[in-house]
Amino acid sequence: MSQQTTFDTITYTTPLPHVAQITLNRPKARNAQDLQMTYDLNAAFDRAAADDGIRAIILAGADPHFCAGHDLSGDSGKTWEDFDQIHNWGSFDPAGAEGRFARESEIYRGMTERWRNVPKPTIAAVQGKCIAGGLMLAWACDIIIAADDAEFRDPVVEMGVCGVEFFAHPWEVGPRKAKEWLFTADWLGAEEARQLGMVNQVVPRAELLTTALAMAERIAKKPLFALKLTKEAVNQAQDTMGRPAAMSQAFSLHQLCHSHNVQVHGIPVDPGGLPEGIRGRFAKKAGPEAAE
Ligand code: ZN
């Protein structure tokens, strides 16, 4: 039953009838999302969306951690020109905010929004650490099943930026908790995330994938068109409450933070908030025009 298509940074399998599983597969890099993974993920979601035989999609991460966030150490020598863009902002190359806005609109905000709108049910299976850009991947999915060891954190405020590019925090945990979570940059445990409504179920780590598969199997027995329209109805309910406009404004403020950091620190984040192992490397390799 299982079919696999080869990607560089992910795997794509069909573990059950009508169920696709996309697995982040850069475990040595804690599944950090670089350019290649971004476009691999996009191709995989498109493949599952276009396949009439697929009715549910699981997004998982190769052990030990779901995702450490965006890859701040560079993009493995690749540039935007190595990929077909899906939006039309164009070149990432212009200096200053122009290039950064194009880059982050395409690969962070735009891609995440596109994956959120994949017209089939998606289930994130999250274990271990889920940090910053990793949150965006989990949030893009309709359902989040967390292992009991899963922990969620957005440390971007420590880096002088007002949260990740896909600013879903208030929608995921409520405004008051979103403020506490962002201000403190604390870890949010799986069980508390469930109580807040961000996570659907918490299960023992050994049962994470089997639980996600069992749910996907149940969902996949429903008529596909009804599933698509149900997802659309819920997404539109949230969007009617103002999510896209609020998120667009947050993205603009995020860009303001980057520009401020370049003016003050010479790089788009406050280096004082970067993890020690990455600080020098990021400043040296990424340069002032790089994105977070
Ligand atoms: Zn950014």
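This short presentation covers the zinc site and the largest pocket of a predicted model.

Residues are numbered from 1 along each chain as its sequence is written, and side-chain values use heavy atoms, with hydrogens and water left out. Because the model is predicted, local features need pLDDT of at least 70 and side-chain atom pairs count only at pLDDT 80 or more, while totals for chains, interfaces and linings use all residues.

I begin with the metal. The zinc ion has as protein donors Glu 104 (OE), Glu 104 (OE), Glu 165 (OE), His 254 (NE2) and His 258 (NE2), at 2.0 to 2.4 Å. Donors here are N, O and S atoms within 2.8 Å of the metal (3.2 Å for Na, K and Ca); water is not among the atoms, so sites may look incomplete. Along the chain, the spacing of these donors is E-x60-E-x88-H-x3-H. Distant parts of the chain are linked by one pair, 93 residues apart: Glu 165, in the loop between β8 (151-153) and α4 (169-173), and His 258, in helix α9 (residues 243-265). Helices (H or I, at least four residues) and strands (E, at least two) are DSSP runs, numbered from the N terminus. Glu 165 counts as buried because its relative accessibility is 0%, and His 258, at 0%, counts as buried too. Buried means under 20% relative accessible area, exposed over 50%, partly exposed in between (1.4 Å probe, protein chains only).

I turn now to the elements around the pocket. Helix α8 gives the most to the lining of the largest pocket, with six residues. On a 1 Å grid over the protein atoms alone, a pocket is an open set of points where a 1.4 Å probe fits, with protein on both sides within 12 Å along at least five of seven lines; lining residues have an atom within 4 Å of a point.
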